[in-house]
Amino acid sequence: MARLEGIRIQNYRALRDVTLGKTFEHRTGTPLPKLMAIIGPNGCGKSSLMDALGFLGDCLTSGVEVACDMPHRGGFDRLRTRGVSEPIKFELYYRENSDSRPISYSLQIDIGSDGLPFVSHERLRQRRRGQSAGQPYSFLEISDGTGFVWAGEATELEEGGRKILFRLADRQRLGITSYDNVADQPRVVAFSTFLKGWYLSYFVPNRARDMPMAGAQKHLNREGDNLANYVQFLQRQHPRRFDEVLSRIAQKIPGIVSIKHEPQKDGRLLLQFNDRGYVDPFYQQDMSDGTLKMFAYLLLMEDPESAPFIGIEEPENGLHHQLLGPLAQEFRKYANQAGGPQVLVTTHAPYFVDELTPSEVWILEKGEDGFSSVVRAADIPTIQAMYDEGIMLGSMWFSNHFGRGNP
Ligand SMILES: Nc1ncnc2c1ncn2[C@@H]1O[C@H](COP(=O)(O)OP(=O)(O)O)[C@@H](O)[C@H]1O
Ligand SMILES: [Mg+2]
């Protein structure tokens, strides 16, 4: 399974310059773990960080202008850090699998004299093989619409290496989209497949109460409003496994004895939750926010074709605090299973954070200058020492040991 080892974001809202994990420039960083959480007070930039990840995916699928102009983003000028004239910049450092050499993808987006955002620079780099391994080399690089790509896995040092020059017709589209279906470019194909596969969730229980038109859908979407369609897909693809999945999930939701499904004439699938103490079942429409949310997360973790990277914003909203610890444990189990995804959670729930280790937690803070900075809890010696003494991270955070921010 591909794995993101680090990310650097510059000039994206309050994120003037933040690095998480390891990158080519920040070699001393520790690669990102399978489960990680970003914590911090309101307004410190948690949602911006998650949205920066979504923005990259949107740039890839829809081009940079459409990505900037999405309603919740409001255009390039609102996205770029106030007072800055540099481009918005990203670097992703990732490995296709544990044996492969790391690849770094950098992207810069600037605004043209016509007032439209465009890709001003884009580059894919990989470390050289063997002993000259120190320096990375670029196998795809584009500046202002003109660039090159090396065919196959060749480098400029190897015989038979073929450098292809090209010019982009549309500078709002990422250069990697030109090669993401070319068999000669396995690394570009793998990277864009990885990025396209990211799944970001901001679950809105009310939307999941809808019973949309029948029709199976392979994955749960961002706000969860296709929960019923996703349920239908799982049931149809894996009829035998599905009952087992439902009973496993029922055991994990306090108060629920069993979950059944009932096909409707129009093809939709109605979910029945049997609540302890009630003879009549509840249906999906009548479930409490918390139960529905817990159900959706647990079902997400049953996706047979899991996304390689999953970002979850504030899972605590609407959940009883006693469910947060168990939920964190489920996420960790899911992330660490064979082929499991990397899971990034933003949260301000101390009970969730109590389940995590200092190597899994990043603290985001906004400084006096209005810019956010981030530090891994394990890199703060007093926090690591207190954790080693048996004090849980959430309680440390709650009692304000993490700096000036309030929970
Ligand atoms: N273009 C920008 N430049 C600088 N700061 C920005 C920009 N856009 C938004 N912000 C700031 O970012 C903060 C919002 O961060 P957000 O990601 O919503 O925080 P959180 O999710 O942690 O509550 C606000 O304080 C806002 O002023
Ligand atoms: Mg937020």
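These legends go with close-up views of two pockets and a ligand in a predicted model.

**View 1. Ligand 1 and the residues around it.** Here we zoom in on ligand 1, which has 16 residues surrounding it. Gly43, Lys46, Ser47, Ser48 and Lys366 are the closest of these. Sorted by class, the shell around ligand 1 comes out as six charged, six polar and four nonpolar residues.

**View 2. Backbone contacts to ligand 1.** This close-up picks out three places where the protein backbone meets the ligand. At Gly45, a polar backbone atom is 3.1 Å from an oxygen atom of ligand 1. At Arg78, a polar backbone atom is 2.9 Å from a nitrogen atom of the ligand. Arg82 also joins in, with a backbone N or O atom 2.9 Å from a nitrogen atom of ligand 1. How much of ligand 1 does the protein bury? On its own the ligand exposes 590 Å², and the protein buries 76% of that.

**View 3. Where ligand 1 sits.** Ligand 1 is found in the second largest pocket. Two elements give two or more residues to the shell around the ligand: helix H1 (46-62) and helix H3 (76-79). H1 makes the largest contribution to that shell, with three residues.

**View 4. The second largest pocket and its lining.** Now look at the walls of the pocket that holds ligand 1. The second largest pocket has about 320 Å³ of space. Its lining is made of 16 residues, and Arg13, Ala14, Arg82, Lys366 and Gly370 lie nearest its centre. Again H1 and H3 turn up, as the elements that give two or more residues to this lining. The lining of the second largest pocket splits into seven charged, six polar and three nonpolar residues.

**View 5. The largest pocket.** For this view we move to the largest pocket, with a volume of about 470 Å³. It is lined by 21 residues, and those closest to its centre are Gly54, Asp58, Arg73, Leu200 and Arg222. The class count of this lining is seven nonpolar, seven polar and seven charged residues.

**View 6. Elements that line the largest pocket.** Which elements each supply at least two residues of this lining? They are H1, helix H4 (186-196) and strand E10 (199-201). H1 gives the largest share of the lining of the largest pocket, nine residues. H1 also gives the largest share of the shell around ligand 1, so to speak a familiar face from View 3.

Key:
Residues are numbered from 1 along each chain as its sequence is written. Chains are lettered from A and ligands numbered from 1 in the order in which they are written. This is a predicted model: local features need pLDDT of at least 70, side-chain atom pairs count only at pLDDT 80 or more; totals for chains, interfaces and linings use all residues. Side-chain values use heavy atoms; hydrogens and water are left out. A residue is near a molecule or strand if one of its heavy atoms lies within 4 Å of it. A polar contact is a pair of N or O atoms within 3.5 Å; within protein, one must be able to donate a hydrogen and the other to accept it, and residues adjacent in sequence count only if both atoms are side-chain atoms. Accessible areas come from the Shrake-Rupley method with a 1.4 Å probe; for residues, only the protein chains shown count as cover. On a 1 Å grid over the protein atoms alone, a cavity is a set of points where a 1.4 Å probe fits but cannot get out, and a pocket is an open set with protein on both sides within 12 Å along at least five of seven lines; lining residues have an atom within 4 Å of a point. A molecule sits in a cavity or pocket if more than half of its atoms lie within 2 Å of its grid points. Helices (H or I, at least four residues) and strands (E, at least two) are DSSP runs, numbered from the N terminus. Ala, Val, Leu, Ile, Met, Phe, Trp, Tyr, Cys and Pro count as nonpolar, Asp, Glu, Lys and Arg as charged, and the others, Gly among them, as polar. Grid points are joined across faces, edges and corners, and a volume is the space filled by probe spheres set on the points.
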